[in-house]
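Trainee: Could we go through this model together, starting with how the helices lie on the sheet?
Mentor: Yes, let us put it up and begin there.

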Amino acid sequence: MRRLLTSLCLSLAPMWAGASELPKVVSVNLCTDQLVMLLADPSQVVSLSRLSDDPRSSAMAAQAAPFAKNNARAEAIAITTPDVVVAGTFTDPALLNMLRAIDIEVVQFPLTRSLDEIPVQIRKMGDVLNRRDAAVQLANDVETQLAERRAVSDSAPMAAFFYPNGFALGEGTLSHDILTAGGARNLSVELGFSGNGRISLEQVVLREPDFLVSSPSYSGFSRSEEMTTHPSLKAFPVLYSSPDWVCGTPAALRAVSQVEAMVQRFALSDEDTR
């Protein structure tokens, strides 16, 4: 997927236009925050979620800094009089029902489970924000880049998702799709599960993946992280995932390029041993 980083930089630049009548929007979800910032005119944005400017969570933390933040409480949102509130599938139903009860429109966005769903989410947000032209342009660019994907070969490097507590991701998740789009196989799939699950330290060591996908450790002590730093894993290269892996936005293409770079390391190593 050549030109990924260059194209992504262009894709992430907000496409603002001078439309006169645009709905005022509040976002209460990390992923809808980012779709709003990608597509909305700044004057439309009433507030974003409190996670929107957290660099550990959001791929657009820096861009979120100028915008007001909300605490996801209905009364506080109501007094800002938005035209629409955008949320995720798993946003607190009580919050959303209260907003609907006072005639504030609520639009929920599903969890993104594949790269192919990203253009769909972009176009949907474009409709919500009355920013259809900008959404179509961005969605088409993502689709063009996704069309460059190749099938993963049976000899491709094997990766193991191994997060704290052995949390792993299989088929039917955005992380799995990012991994395979980058040219790596997924140990979770080899072990026969889909969605979210857990794998043991013993399974990782015995299966000998080429590299691990995990999260960087944070300050402090967490027993859940102990297994990810076990001495038996020292021989495995680790690719640390980032907020780019979390949401269905063009930032996920940056995560694909991160996997591609790791896969390329193994290709170069194979050439050196010939």
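Mentor: Before the angles, a word on how they are taken: axes are lines fitted to C-alpha atoms, for helices over the stretch in contact, and angles run from 0 to 180 degrees between N-to-C directions. Please also keep in mind that this is a predicted model.

Trainee: Fine. Which strands does helix H5 lie across, then?
Mentor: Helix H5, residues 93-101, lies across strand E4 (84-88) and E5, and the direction of H5 runs at about 150° to E5. Helix H6, residues 118-129, also packs on the sheet, where it touches strand E1 (25-27), E4 and E5, and its direction makes about 170° with that of E5.

Trainee: And what's the strand order in that sheet?
Mentor: It is an open sheet of five strands in the order E3-E2-E1-E4-E5, and the pairing is parallel. Strand E3 (69-70) and strand E5 (105-109) stand at the edges with a single partner strand each, so one side of each has no neighbour in the sheet.

Trainee: How many bridges hold E2 and E3 together?
Mentor: Strand E2, residues 45-49, pairs with E3 in the parallel sense over two bridges, and within that pairing Ser49 stands opposite Asn70 of E3.

Trainee: Switching topic: which strands does E10 pair with?
Mentor: On one hand, strand E6 (residues 158-161) is joined to E10 by three bridges, and the two run parallel; the bridge partner of Ala159 there is Phe211. On the other hand, E10 pairs with strand E11 (residues 238-240), again in the parallel sense and over three bridges, with Leu239 in E11 as the bridge partner of Val213.

Trainee: Are the two faces of E10 covered or open?
Mentor: Both faces of E10, which spans residues 211-214, are covered, since Phe211 and Val213 on one side and Leu212 and Ser214 on the other are all buried. As background, in a regular strand the side chains alternate between the two faces of the sheet.

Trainee: What about disulfides, how many are there?
Mentor: A search of the whole structure finds one disulfide. It joins Cys31 to Cys247, with an S to S distance of 2.0 Å, and the link is left-handed, with -75° about the S-S bond. The pair links distant parts of the chain, 216 residues apart: Cys31 belongs to helix H2 (residues 30-39), while Cys247 sits in the loop between E11 and helix H11 (251-272).

Trainee: Which classes of burial do those two cysteines fall in?
Mentor: Cys247 is buried, with a relative accessible area of 1%, whereas Cys31 has 22% and therefore counts as partly exposed, because the cut-off for buried is under 20%.

Trainee: How covered is the rest of H2?
Mentor: Helix H2 is mostly covered, with nine of its ten residues buried; among them are Leu30, Asp33, Gln34 and Met37. At the start of H2, a side-chain oxygen of Asn29 also reaches to within 2.8 Å of the backbone nitrogen of Cys31.

Trainee: And the chain as a whole, how many helices and strands?
Mentor: The chain has eleven helices and eleven strands, and of its 274 residues 49% count as buried. About 13,600 Å² is exposed, with carbon and sulfur atoms supplying 52% of that area. Among the contacts in the chain with a separation of 6 or more, 65% come from residues 24 or more positions apart.

Technical notes
Residues are numbered from 1 along each chain as its sequence is written. This is a predicted model: local features need pLDDT of at least 70, side-chain atom pairs count only at pLDDT 80 or more; totals for chains, interfaces and linings use all residues. Side-chain values use heavy atoms; hydrogens and water are left out. Buried means under 20% relative accessible area, exposed over 50%, partly exposed in between (1.4 Å probe, protein chains only). Helices (H or I, at least four residues) and strands (E, at least two) are DSSP runs, numbered from the N terminus. Two strands pair if DSSP finds at least two bridges between them. A disulfide is a pair of cysteine sulfur atoms within 2.5 Å. Contact means heavy atoms within 4.5 Å. Accessible areas come from the Shrake-Rupley method with a 1.4 Å probe; for residues, only the protein chains shown count as cover. A polar contact is a pair of N or O atoms within 3.5 Å; within protein, one must be able to donate a hydrogen and the other to accept it, and residues adjacent in sequence count only if both atoms are side-chain atoms.
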